[in-house]
Amino acid sequence: LNMMGRSIVMGRRALVATVATHVGLSVASISRGALGSAPPPKPAAEGATGAGVASPNSICVSCSRAAQHEKIAAKMYRGGGLDAAACTDDVSFQDPAALCMGIGEVQEAFRALRVCSPEQLSPPQAVPGDETGSTHIKLHQRYFGQLEVRSELVVRTAADGRIASFEERWNGADLQEGMLFRAARRVNGLVSSSLTPLLC
């Protein structure tokens, strides 16, 4: 009986420590997004002329893709839901609070966003990103009629042109890196996708 009692006490302590660690990591990640700022722009590489200049054709393709991503993001962030046909089955969405993986979880996240009464205070503005097939979209939103948020949405595409991931950076600040921070966001994403269908 004493052994069983000790095991229960140790189990409770381990659970409390795990939950406390998770909460601490989540708070740190969210705080970085809420209080952070965008990193300074990267300087252009020296001597990047001639071969480093994109062809007119690649610029046209990038701008066309950015315009498409801008429309998709505008619909998502005004509460219109995710355009599933434009995404891969394993698409992901990540922000400082949560990581949702798979078309079902990401669809649920943007279905539930309607409850937050999203308003676009200015139209989303998209530009082609530095990574091939990526787009950076500036967002200026208001939620619940009073919470104002500026963020940058990084959209990355798969080889077939469909969207593979969304990464929302509050205030343009990079997400906290590291396995533990990613794991904490993933747990939050799983909990969120399980609870929101029951609550809203």
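## Strand E1 and its partners

In strand E2, Leu-99 is the bridge partner of Gln-94. This is a predicted model, and the description below starts from strand E1, which covers residues 87-94. E1 pairs with E2 (residues 99-101) in the antiparallel sense, over three bridges. The connection between E1 and E2 is a hairpin of four residues.

E1 also pairs with strand E6, here in the parallel sense and over four bridges. Within this pairing, Ser-92 has Ser-165 in E6 as its bridge partner. Is E1 enclosed by the rest of the structure or open? E1 is largely enclosed, because six of its eight residues are buried.

## The nonpolar core

The largest nonpolar core holds 21 residues, and Tyr-77, Leu-153 and Phe-166 have the most contacts inside it. Two or more residues each come from helix H2 (56-80), strand E1 (87-94), helix H3 (103-112), strand E4 (135-143), strand E5 (147-157) and strand E6 (163-170). H2 gives the largest share of this core, with four residues.

Which residues does Tyr-77 touch, apart from its neighbours within four places in sequence? Tyr-77 is in contact with Phe-93, Phe-110, Leu-113, Pro-118, Gln-120, Leu-139, Gln-141, Tyr-143, Leu-153 and Glu-168. One of these, Leu-153, is itself named among the residues with the most contacts inside the core.

## Salt bridges

Side chains of opposite charge can pair when their charged atoms come close. The structure has nine salt bridges. One of them joins Glu-108 and Arg-111, with the closest N and O atoms 2.7 Å apart. Both residues are in helix H3, and because they are three residues apart, about one helical turn separates them. Glu-108 counts as buried because its relative accessibility is 13%. Arg-111, at 26% relative accessibility, counts as partly exposed.

A second pair is Glu-119 and Arg-142, whose side chains meet in a salt bridge at 3.2 Å, N to O. This pair links distant parts of the chain, since Glu-119 is in strand E3 (residues 119-128) and Arg-142 is in strand E4, 23 residues apart. Glu-119 counts as partly exposed, with a relative accessibility of 31%. Arg-142 also counts as partly exposed, with a value of 25%.

## A link between E4 and E5, and a network

The side chains of Lys-138 and Glu-152 form another salt bridge, with an N to O distance of 3.8 Å. Lys-138 is in strand E4 and Glu-152 is in strand E5, so this pair ties together parts that are 14 residues apart in sequence. Is Glu-152 buried or exposed? Glu-152 counts as buried because its relative accessibility is 11%. Its partner Lys-138 is partly exposed, with a relative accessible area of 47%.

Salt bridges also link several residues into a network. Its members are Glu-131, Arg-156, Glu-167, Arg-169 and Asp-174.

## A nonpolar patch on the surface

Which residues form a nonpolar patch on the surface? They are Val-187, Val-191, Leu-195, Leu-198 and Leu-199, and together they have about 500 Å² of accessible area. Leu-199 lies in helix H4, which covers residues 179-199. Leu-199 counts as exposed because its relative accessibility is 69%, and the cut-off for exposed is over 50%.

Methods. Residues are numbered from 1 along each chain as its sequence is written. This is a predicted model: local features need pLDDT of at least 70, side-chain atom pairs count only at pLDDT 80 or more; totals for chains, interfaces and linings use all residues. Side-chain values use heavy atoms; hydrogens and water are left out. A nonpolar core is a set of buried Ala, Val, Leu, Ile, Met, Phe, Trp, Tyr and Cys residues joined through side-chain atoms within 4.5 Å. Buried means under 20% relative accessible area, exposed over 50%, partly exposed in between (1.4 Å probe, protein chains only). Contact means heavy atoms within 4.5 Å. A salt bridge is a side-chain nitrogen of Lys or Arg within 4 Å of a carboxyl oxygen of Asp or Glu. Patches are made of residues with over 30% relative accessible area and no salt bridge: like charges are joined within 9 Å, nonpolar side chains (Val, Leu, Ile, Met, Phe, Trp, Tyr) within 5 Å. Accessible areas come from the Shrake-Rupley method with a 1.4 Å probe; for residues, only the protein chains shown count as cover. Two strands pair if DSSP finds at least two bridges between them.
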